[in-house]
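Subject: Structure for you to look at, with notes

Dear colleague,

I am passing on the structure we spoke of, with the sequence alongside it. Please open it first, and then read the notes that follow with the model in view.

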Amino acid sequence: MRSDEGSRSLVGKRVVVTRPAAQSGSLERALARAGAVAIRLPVIRVAPPRDPRALHRAAGCAAAYDWIAFTSANSVDAFMRARQELMDRRRRKEEIGRAHV
């Protein structure tokens with residue numbers, strides 16, 4: 001952005017926001033502050049996997065890796081939820097011990 005354009009460099013521009021509707025608000029507000037008209041057109045749907053076993057396996061052995069690369073904040077959220085679920089299950093199992101339920 002050129003210095004003489006100021007903070008409203010998008011005045012009169014229309015910008016299509018393709019993020020999921022539930023996640024587009026902050027971007028739409030930022031665009032509006034810059035003078036743009038945000039057009040909400042969600043083309044992405046974030047949903048859990050149909051079969052979460054692979055995600056749970058990966059979350060269960062994360063310590064075996066030096067690096068884990070994520071492609072989005074949504075994938076980080078899903079992975080961390082899976083890790084937390086596994087930790088909760090292990091904790092409950094330890095609390096129950098050998099008791100039969």
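**Overall picture**

Among the contacts in the protein between residues at least 6 apart in sequence, 45% join residues that are at least 24 apart. Please bear in mind that this is a predicted model, with a mean pLDDT of 86 for the protein and 86% of its residues at 70 or more. By element, confidence is highest in β1, at 97, and lowest in helix α3 (residues 73-96), where the mean is 86. As a general caution, the predicted coordinates should not be read in detail where pLDDT is low.

The secondary structure comes to three helices and two strands, and along the sequence these follow the pattern β-α-β-α-α. Of the 101 residues, 14% count as buried, while the protein exposes about 8500 Å², of which carbon and sulfur atoms supply 55%.

**Salt bridges**

The structure holds four salt bridges, and I describe some of them here. Glu 28 is paired with Arg 40, with 2.8 Å between the closest N and O atoms. Because Glu 28 lies in helix α1 (residues 25-33) and Arg 40 in strand β2 (residues 37-40), this pair ties together parts that are twelve residues apart in sequence. The two partners can also be set side by side in terms of exposure: Glu 28 counts as buried, at 16% relative accessibility, whereas Arg 40 counts as partly exposed, at 45%.

Within helix α3, Arg 89 forms a salt bridge with Glu 85, the closest N and O atoms being 3.8 Å apart. Both residues lie in that helix, four residues apart, or about one turn of the helix. Arg 89 is partly exposed, at 41% relative accessibility, and Glu 85 is likewise partly exposed, at 37%.

A salt bridge also joins the side chains of Asp 88 and Arg 91, at 3.0 Å from N to O. These two are three residues apart in helix α3, so about one helical turn separates them. Asp 88 has a relative accessible area of 25%, which makes it partly exposed, and Arg 91 also counts as partly exposed, at 40%.

**The nonpolar core**

Which residues make up the largest nonpolar core? There are five in all, namely Ala 59, Ala 62, Phe 79, Ala 82 and Leu 86, and α3 gives the most to this core, with three residues. If you centre the view on Phe 79 and leave aside its neighbours within four places in sequence, you will find Phe 79 in contact with Leu 55, Ala 58, Ala 59, Ala 62, Ile 68 and Phe 70.

Two of the names in that contact list, Ala 59 and Ala 62, are also members of the core. Another core residue, Ala 82, can be related to Arg 53, which lies in helix α2 (residues 53-60). The C-alpha atoms of Arg 53 and Ala 82 are separated by 9.8 Å, although the two residues are 29 apart along the chain. Arg 53 itself counts as exposed, at 55% relative accessibility.

**A buried serine in a loop**

Ser 24 sits in the loop between β1 and α1, and with a relative accessible area of 0% this residue is buried. When residues up to four places away in sequence are not counted, Ser 24 touches Val 17, Arg 19 and Arg 40. Arg 40 is thus the residue already met as the salt-bridge partner of Glu 28, and the loop serine and this pair can usefully be looked at in one view.

**A nonpolar patch on the surface**

Finally, Val 16, Val 37, Ile 39, Leu 41, Val 43, Ile 44 and Val 46 form a nonpolar patch on the surface, with about 590 Å² of accessible area together. One of its members, Val 16, is found in strand β1 (residues 14-17). Val 16 is partly exposed, with a relative accessible area of 46%.

With best wishes

Conventions. Residues numbered from 1 in each chain as written. Predicted model: local features only at pLDDT ≥ 70, side-chain atom pairs only at ≥ 80, totals over all residues. Heavy atoms only, no water. Patch = residues over 30% accessible without salt bridge, like charges linked within 9 Å, V, L, I, M, F, W, Y side chains within 5 Å. Areas by Shrake-Rupley, 256 points an atom, 1.4 Å probe, with all protein chains shown as cover. Buried < 20%, exposed > 50% of the residue type's maximum accessible area, 1.4 Å probe, protein only. pLDDT = per-residue confidence, 0-100. Contact = heavy atoms within 4.5 Å. Core = buried A, V, L, I, M, F, W, Y, C linked by side-chain atoms within 4.5 Å.
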